[in-house]
Amino acid sequence: MKVTETPPTVPAPRSPVTKTDASAEPAKSTEGAVLNVFSHGMLIIWAVLVVMPLLWAVVASFKTDDAILSTPWSLPDSLHFENWSRAWTQAHMSDYFLNTIMVVGGSLVGTLLLGSMAAYVLARFDFPGNRFIYYLFIGGMSFPVILALVPLFFVMNNMGLLNSVHGLILVYIAYSLPFTVFFLTSFFRTLPTSIAEAAMLDGASHTRTFFQVMLPMAKPGLISVGIFNFLGQWNQYMLPTVLNTDPDGKVLSQGLVELATSQGYKGDWSGLFAGLVMAMLPVLVAYIVFQRQVVAGLTAGALK
């Protein structure tokens, strides 16, 4: 019986490994690690620069005036809540707080309502002058408000809206509309048109389609632009200083400046820091509560 012998298998030749290929991956990983460390380091420095003054103001609001001046970086020996009560009552922060809530609340509702309606029309309907009106809103974003203060003062005075809450609300709405229309126009363009077309086929009017179909779908964008407008209007100082000189109708930014300048030689620094923290808390709470919605609104326009 003859047994056939199988020839030995020859291994496949290996591709030569060059020195350049072997060192490419470690070099790339090292470069990425260096960039990662640098970016994280810059973020940490930025976070410290932002958070430290806020924490220092909060700590100083619970200290006495002597402790603030003698040991500014130390923790308070005890929590002096009388600083907050003194700022709330004697410095009239409660009145300033109420005035600010009325002005900002009314202007936010008006800005979101008018801005969403204008943005929906500009994004969904083609008509002569569409792009011209859109670019007018864009131009309003680049127009410095300081240039309009003097003519705006005389216009408000002639219309009898000077030193009034509703007059300040109208100015805030006009000041915030350009950015709101610009933001929401891009957002409405990303929403599907099939749902609106289905509602129109079912007999819904344009008004009903907007308020019951398209506006609920634009909720992330409305929340995002609402937060941005809230931050800008809550911290607004220039417009109320020029258009609202009534002592009983001043807002928080005016109240803080008056509290700082009316001290004279008293040096009520603890009350001033307490008032500053009072004005800062609503902004922090609003951002913490709606943080996810803000991020969702900013990223929703990139995906369809």
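What share of the 304 residues of the chain counts as buried? In this predicted model, the answer is 35%.

Let's start with the chain as a whole. Its secondary structure amounts to 14 helices and 0 strands, so an α element follows an α element from the N terminus on. About 19,200 Å² of the chain is exposed, and 70% of that area comes from carbon and sulfur atoms. Contacts also reach across the sequence: taking those between residues at least 6 apart, 74% join residues at least 24 apart.

Now for one helix pair, H4 and H10. H4 covers residues 93–124 and H10 covers residues 219–234. Their axes come within 10 Å and cross at roughly 140 degrees. Angles over 145 degrees would count as roughly antiparallel and 65 to 115 as roughly perpendicular, so H4 and H10 are oblique to each other. The crossing of H4 past H10 is right-handed.

Which residues meet where these helices touch? The table lists them by helix.

| Helix | Residue range | Residues in the contact |
|---|---|---|
| H4 | residues 93–124 | Phe97, Thr100, Ile101, Val104, Ser107, Leu108, Thr111, Leu112, Ser116 |
| H10 | residues 219–234 | Leu222, Val225, Gly226, Asn229, Phe230, Gln233, Trp234 |

Sorted by class, this contact of H4 with H10 holds 9 nonpolar and 7 polar residues, with no charged residues. Among the nonpolar ones are Phe97 and Leu108 in H4, along with Phe230 and Trp234 in H10. The polar ones include Thr100 and Ser107 in H4 and Asn229 and Gln233 in H10.

Methods
Residues are numbered from 1 along each chain as its sequence is written. This is a predicted model: local features need pLDDT of at least 70, side-chain atom pairs count only at pLDDT 80 or more; totals for chains, interfaces and linings use all residues. Side-chain values use heavy atoms; hydrogens and water are left out. Axes are lines fitted to C-alpha atoms, for helices over the stretch in contact, and angles run from 0 to 180 degrees between N-to-C directions. Helices (H or I, at least four residues) and strands (E, at least two) are DSSP runs, numbered from the N terminus. Angles under 35 degrees count as roughly parallel, over 145 as roughly antiparallel, 65 to 115 as roughly perpendicular and the rest as oblique. A crossing is left-handed if the near helix is turned anticlockwise from the far one by less than a right angle, and right-handed if clockwise. Contact means heavy atoms within 4.5 Å. Buried means under 20% relative accessible area, exposed over 50%, partly exposed in between (1.4 Å probe, protein chains only). Accessible areas come from the Shrake-Rupley method with a 1.4 Å probe; for residues, only the protein chains shown count as cover.
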